[in-house]
Amino acid sequence: IAKAHGAGSVQPFDPEFERQASERFELMQKLVTAIREQQFILHYQPQVDLQTGEVVGVEALIRWQSDEGMISPGVFIPLAEQSAYIHCIGDIVVNHACQAVQRLNAEGFEKMLVSVNYSARQLERADVFERLRVAYEAAGIERKRLCLEVTETAMMQSFYQVTALLEQHRSLGGTVAIDDFGTGMSSLEYLLELPADHLKIDIAFVSRLDMDERSRSLVRMIIALGQRLGISVVAEGVETEQQANWLRDNGCNIAQGWLFGRPMPLEDLIQWLHNRQQGER
Ligand code: C2E
Ligand code: MG
Ligand code: MG
Ligand code: MG
């Protein structure tokens, strides 16, 4: 290659690389400030039982309100994961989620689950369950009300280690969901041992439901798998009535997406839940 571009064309210093590295470094520094100054909030997105229309839970999704506006978790979570700061973020999320359970209880929504997302890196921490226990006990909430969402990909990275942790969590009454299911290349053998209460069909398949038969077949297969294993199936990213109807008719249990509700701050969620209850009467 060097020859093709003429001798001496290999640049030891790449300004583009330098730019990217310093951008990441700056963002990392801002992230540290954000943790110290508590610039994070959680939004909650409703999950609806497709048969009954009942709201059975909410997913907690973190938001960073930086000085320059909202930064999405897709940007800063991978960055945080490269350091121990991801554990600070995990603690923030769990504390908010426990408060959300308390608030839901106070408003009479005493059965709703609150799901939090945990990355592989977060589960690697030796005292992860001890910290969860402290959070539950401090908040005085039942363990089953908090659901851990772990992606299929994260699980595959160290299957036996992660499943052992999830089993431990479940044996103490905790709830587990496998997130982004269908994108993680689980071997069929692993599926038999999935330590999960919920399987969440990845948004990519749901958004393609109206477009191709292959996506429909795949979703049907995930639903059948859930039914066989006794694991309830949740569809993510449901945006249209058509998708919701198809999913319900094909046996999917729960749906989450803009059709039902966007992720929203806790107080907006409480209002939304009361409005929905009134609409039902
Ligand atoms: P996820 O857990 O798979 O979350 C689903 C994502 O889909 C969320 O994006 C949500 O806002 C979005 N979504 C929900 N309904 C719809 C819909 O109808 N249409 C479309 N197009 N999108 C919809 P968000 O909030 O940007 O989060 C992205 C990812 O960041 C999450 O994917 C999760 O992996 C990660 N994440 C979010 N919060 C946390 C957290 O507290 N901790 C960790 N470790 N990861 C988090
Ligand atoms: Mg999730
Ligand atoms: Mg997902
Ligand atoms: Mg995702």
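## Exercises on two magnesium sites, a helix and the cysteines

N117 is partly exposed, with a relative accessible area of 28%; here buried means under 20% relative accessible area, exposed over 50%, and partly exposed in between (1.4 Å probe, protein chains only). The model is predicted, so local features need pLDDT of at least 70 and side-chain atom pairs count only at pLDDT 80 or more, while totals for chains, interfaces and linings use all residues. Residues are numbered from 1 along each chain as its sequence is written, chains are lettered from A and ligands numbered from 1 in the order in which they are written, and side-chain values use heavy atoms, with hydrogens and water left out.

**Exercise 1.** Find the protein donors of the magnesium ion (ligand 2) and place them along the chain.

*Solution.* Start with the cut-off: donors are N, O and S atoms within 2.8 Å of the metal (3.2 Å for Na, K and Ca), and sites may look incomplete because water is not among the atoms. Searching around ligand 2 gives E59 (OE), N117 (OD1), E149 (OE) and D179 (OD), at 2.0 to 2.2 Å. Along the chain, their spacing reads E-x57-N-x31-E-x29-D. Distant parts of the chain are linked here: E59 sits in strand β2 and N117 in strand β4 (residues 113–118), 58 residues apart. Helices (H or I, at least four residues) and strands (E, at least two) are DSSP runs, numbered from the N terminus. To finish, check the burial of E59: its relative accessible area is 3%, so E59 is buried.

**Exercise 2.** Work out which residues coordinate the magnesium ion (ligand 3), and which residue bridges it to ligand 2.

*Solution.* Ligand 3 is coordinated by D179 (OD), D180 (OD) and, listed twice, E236 (OE), at 1.9 to 2.5 Å. The sequence spacing of these donor residues is D-D-x55-E. D179 belongs to strand β6 (residues 175–181), whereas E236 lies in the loop between β8 (232–235) and α11 (241–249), 57 residues apart. The bridge is D179, and the two magnesium ions lie 4.2 Å apart. Both ends of the pair are buried: D179 has a relative accessible area of 6%, and E236 one of 10%.

**Exercise 3.** Compare the span of helix α12 (residues 266–280) with its expected value, then locate its buried residues.

*Solution.* The expected span of a helix is 1.5 Å times one less than its number of residues. For the 15 residues of α12 that gives 21 Å, and the end C-alpha atoms are 21 Å apart, which agrees. Next, the buried residues are L266, L269, I270, W272 and L273. They cover an arc of only 160 degrees around the axis, so they are on the same side of α12; the arc is that of the directions from the helix axis to the C-beta atoms. Q278 and G279 are exposed, on the face turned away from that buried side. The cover over the buried residues includes β1 (40–49), β2 (55–66) and α3 (85–106), where contact means heavy atoms within 4.5 Å.

**Exercise 4.** Count the disulfides and explain why C88 and C98 are not bonded.

*Solution.* A disulfide is a pair of cysteine sulfur atoms within 2.5 Å. By this rule, the count is zero. The closest cysteine sulfur to that of C88 is in C98, 17 Å away, too far for a bond. For C98 the closest is in C147, at 13 Å, again too far. As for exposure, C88 is partly exposed at 30% relative accessible area, while C98 counts as buried at 3%.
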